[in-house]
Amino acid sequence: PGHWPGVVEAYRDRMPVQPDWTVVTLGEGGTPLLPAPRLSERTGCQVFLKVDGANPTGSFKDRGMTMAVTAALADGKQSVLCASTGNTSASAAAYATRAGMTCAVLVPRGKIALGKLAQAVAHGARILQIDGNFDDCLELARKTTADYPAIALVNSVNPTRIAGQASAAYEICDQLGQAPDIHCLPVGNAGNITAYWKGYRGYHSDGLISELPRMFGYQAAGAAPLVHGAPVKDPETVATAIRIGAPASWRGATTARDESGGKFAAVTDDEILAAYRLLSAEEAVFVEPASAASVAGLLQSCADGTLPKGSLVVCTVTGHGLKDPDSALLTAPDPEIVPIDPGAVAAALELA
Ligand code: F0G
């Protein structure tokens, strides 16, 4: 009590960690499970937001990265490498710094939100852009680490990442005293839905929860391979974090859907941006656009009748709004200029 040790120590008996390993942590996890009164009212459900933008580098990736970098260090690796749409690179850069390892990140040129790039730069990672998308970056990262064993691949194809990310499901069950009826997630490379399902299954088989949730995974309409059942060649969406056409954890994702009685569905960029604005304007939770896909999906499923009224729902919001300041300012008016006069300030608040 009092001190949160990070997810590896908090759930040590469920993590692939040896007693003599040095745990590389930034105190990740333990994020808020926040009631969402406006969304609950709109949907007739009891909705909670798992606010994973509250992690040390501002996304859920930290849950997996603490485990992956801890294992890489124990394994004697010198460097870490990842492909990324931005958040994984920010997280890898931070945890590599903490471990005293070098880090390079492979990113699609011109398609990384500003905040994420700033983080990787700040933590001293080598930023390698390629003229291609995330799927091309991941292929190159896999080939490189196959040829150079001193480099650890810290994408979610690394099972230690999945083990770390499963901690989010443990936290939700610990806090609710049960699993939700429905869990809504944005899905890109599909590591996170795979990890949540693994986490819920683990708690269920150990008798810590009696029922499993249904997993609802939402993809951007222009990058929805799991919805179509086939890879998408040129994925496109405003939600750059999930601009992915060939998810590495395809099997894990379809297993989660099938075993849980869940579904995948596509949300349009307009639906994503509407949910993005609703979250910040009504629930006071500022997320990046990809994160809003879970809430866009919730609202869509409520409208089309696939969300049973009265359900206990958790929507994970995966990344902080500060990751992508450009998206926030896109349609915003310029800040107004006022005279140095209390009356003008009060008028702005519409006080007589
Ligand atoms: N939300 C955010 C904010 C993300 O950054 C990602 C993935 C997802 C959702 C989707 O999670 O891939 O496990 O299905 N970002 C990766 C990255 C691809 O490189 O940062 P997923």
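Biologist: Is Ala-284 buried or exposed in this one?
Modeller: In this predicted model, Ala-284 is exposed, because 10 other C-beta atoms lie within 10 Å and a residue counts as exposed at 12 or fewer.

Biologist: And where does Ala-284 sit along the chain?
Modeller: Ala-284 is placed in the loop between helix H12 (269–282) and helix H13 (293–303), and its phi is near 60°, which is a positive value in a residue other than glycine.

Biologist: What is the usual sign of phi, then?
Modeller: Most residues other than glycine have a negative phi.

Biologist: What about Glu-350, what is its phi?
Modeller: Glu-350 also is not a glycine, and it has a positive phi of about 60°; it lies in the segment after helix H15 (342–348), and it counts as exposed because it has 6 C-beta neighbours inside 10 Å.

Biologist: Switching topic, how is the protein chain divided into domains?
Modeller: Domain 1 takes in 7–55 + 161–329, while domain 2 covers 61–158, and the C-alpha centres of the two lie 22 Å apart.

Biologist: How many residues are in contact between them?
Modeller: On the domain 1 side there are 41 residues, in contact with 33 residues of domain 2.

Biologist: Which element gives the most to that side of domain 1?
Modeller: That is H7, with five residues; the elements giving two or more residues there are helix H1 (7–10), helix H7 (159–165), helix H8 (167–176) and helix H14 (325–329).

Biologist: How do the residues of that side divide by character?
Modeller: The side of domain 1 that touches domain 2 has 19 nonpolar, 15 polar and seven charged residues.

Conventions. Residues are numbered from 1 along each chain as its sequence is written. This is a predicted model: local features need pLDDT of at least 70, side-chain atom pairs count only at pLDDT 80 or more; totals for chains, interfaces and linings use all residues. Helices (H or I, at least four residues) and strands (E, at least two) are DSSP runs, numbered from the N terminus. A residue is buried if 20 or more other C-beta atoms lie within 10 Å of its own, exposed if 12 or fewer, and partly exposed in between; C-beta atoms are placed from the backbone. Domain bounds come from an automatic or database domain assignment. Two residues are in contact if their C-beta atoms, placed from the backbone, lie within 7 Å. Ala, Val, Leu, Ile, Met, Phe, Trp, Tyr, Cys and Pro count as nonpolar, Asp, Glu, Lys and Arg as charged, and the others, Gly among them, as polar.
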